[in-house]
Amino acid sequence: MIVDRQGRRFRNLRVSLTAACNYACTYCVPDGKRLVAAQDELSAEAMVRGVGYLVEAAGIECLRITGGEPLVSPKLEAVLRGVSTLGLADISLTSNGQLLSRKLPLLLASGIRRLNVSLDTLDPVAFRAIARGGDLPTVLAGLDEAHAAGMRVKLNMVPLRGQNLDQVLPLLEYCLARGFELRFIELMRMGHLARDGNSFLRQFVAMPELLAMIGERYRFAQADAPVDATALRYEIPGQGFFGVIANESVPFCRTCSRLRLSSTGWLHGCLSSSNRHYVGDLLDKPRHQALPALQGLLVKALGDKQEVAFSGGVTVMKIIGG
Ligand code: SAM
């Protein structure tokens, strides 16, 4: 097992199926152009082999399939089928929910029982302004179907000053009514926001302000969360839970256990580092050749983690999988 001086190791792997996305969210891509799939995307077989090698070499226990938008990828079915045989403790998926209705039968048949759906507003006009793609009623219909099918759902919302703060309470109410857990994600200095500090600061909303808004309507108390959780969890007694991923206000780098594999075969040990390590060529090699080489790269990737706090990263979230 590869462990660093702070006792951190990789336990959670996020695999970006594709950089392609049917949205172009303002905080993710700067110019409104939707990202398309890279020409050199890994095949489904290579990805599954890669996950298997990382389970062995790094001790990965939990896998999250992400993107880009994973539900647009033609590899979805083959990857889900492949990773379901690897003995992982948990496999979940992050999506913008636009294709959820259509793909729900496949997700259920593949054993997926936990979904994170990104939804920044319940207002259709603000939705189009932020996502620059998609259609809100379609997402809501997909969420209803996932709920009815018994999926455990978390909603991700990025609070953005001047754009969706009026939606903090409506989204929380919407989630509490359905037993979904709402996760507020503090805006991160990623991609263009890492380069343009003013744009970041104009939009950024910190956890204390959020909690104060919620406190005007609900009483809540901090709840338990796993040691390496990125979110602080809160319970609204008798009604449910919500969480805040407070990258800036309460950094969680000291306990981070995340590793990311991009759709083109690069390992990222930290969102805040521009270092990445190419493993695409190893995934065609037999296990006895691939594993020793992978171990060396994993040591480097673990060394890329920040000591204490996220300080920004120029990589676009859609490329490495949020
Ligand atoms: N397409 C999928 C989705 O929408 O969930 C998966 C990829 S998306 C990059 C994953 C998550 O990253 C989303 O919840 C999105 O809101 C979040 N995200 C992207 N850029 C971000 C940023 N600069 N700060 C905070 N969250 C960000």
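In which strand does Ser-118 lie? I began my look through this predicted model with that residue, and I found Ser-118 in strand S4, which runs over residues 114-118.

**Entry on Ser-118.** I noted that Ser-118 is partly exposed, at a relative accessible area of 26%. Leaving aside the neighbours within four places in sequence, I listed its contacts as Thr-94, Ser-95, Asn-96 and Asn-156. I also checked Arg-102, which is 16 residues from Ser-118 in sequence, and found the two C-alpha atoms 17 Å apart in space.

**Entry on Asn-96.** From Ser-118 I went on to Asn-96, one of its contacts, and located Asn-96 in the loop between strand S3 (90-95) and H3. Is Asn-96 buried or exposed? Its relative accessibility is 6%, and because anything under 20% is taken as buried, Asn-96 counts as buried. I then looked for polar partners of its side chain, and found a polar contact of 2.8 Å that joins it to the side chain of Asn-22, while a polar atom of the Asn-96 side chain lies 3.0 Å from the backbone nitrogen of Gln-98. Setting aside residues within four places in sequence, I recorded contacts of Asn-96 with Cys-21, Asn-22, Tyr-23, Glu-69, Val-117, Ser-118 and Val-139.

**Entry on H3 and H5.** I next followed the chain into helix H3 (residues 100-109), which packs against helix H5 (residues 136-148) at an angle of about 25 degrees, with the axes 8 Å apart. Angles under 35 degrees count as roughly parallel, so I wrote H3 down as roughly parallel to H5. On the H3 side I found Leu-100, Ser-101 and Leu-104, and these meet Ala-141, Gly-142, Leu-143, Glu-145 and Ala-146 of H5. Sorted by class, this contact has five nonpolar residues, two polar ones and one charged one.

**Entry on Arg-132.** Before H5 I stopped at Arg-132, which has its place in the loop between helix H4 (124-131) and H5. What is the sign of phi at Arg-132? I read a positive phi of about 50 degrees, although Arg-132 is not a glycine. I marked this for a second look because most residues other than glycine have a negative phi. Arg-132 is partly exposed, with a relative accessible area of 26%.

**Entry on H9.** Which residues of helix H9 (residues 207-215) are buried? I found Met-207, Leu-210, Leu-211 and Ile-214 to be buried there, and they lie on the same side of H9, because they cover an arc of only 95 degrees around the axis. I then asked myself what lies over them, and the elements that cover these buried residues include helix H6 (168-178) and the strands S6 (181-185), S8 (232-236) and S9 (240-245).

**Entry on Glu-181.** Turning to strand S6, I looked up Glu-181, which lies in that strand and is buried, at a relative accessible area of 12%. Its side chain makes a polar contact of 2.9 Å with the side chain of Arg-233. Not counting residues up to four places away in sequence, Glu-181 touches Val-153, Lys-154, Leu-155, Arg-233, Phe-241 and Phe-242.

**Entry on Gln-239.** I ended in the loop between S8 and S9, where Gln-239 is found; this residue is partly exposed, with a relative accessible area of 43%. Beyond its neighbours within four places in sequence, I found Gln-239 in contact with Leu-176 and Tyr-218. Its C-alpha atom and that of Tyr-23 are separated by 32 Å, the two residues being 216 residues apart along the chain.

Note on methods
Residues numbered from 1 in each chain as written. Predicted model: local features only at pLDDT ≥ 70, side-chain atom pairs only at ≥ 80, totals over all residues. Heavy atoms only, no water. Axes fitted to C-alpha atoms, helices over the stretch in contact; angles between N-to-C directions. Helix = DSSP H or I, 4+ residues; strand = E, 2+ residues; numbered from the N terminus. Parallel < 35°, antiparallel > 145°, perpendicular 65-115°, else oblique. Contact = heavy atoms within 4.5 Å. Nonpolar A, V, L, I, M, F, W, Y, C, P; charged D, E, K, R; others polar. Buried < 20%, exposed > 50% of the residue type's maximum accessible area, 1.4 Å probe, protein only. Arc of directions from axis to C-beta. Polar contact = N/O pair within 3.5 Å; in protein donor to acceptor, adjacent residues only side chain to side chain.
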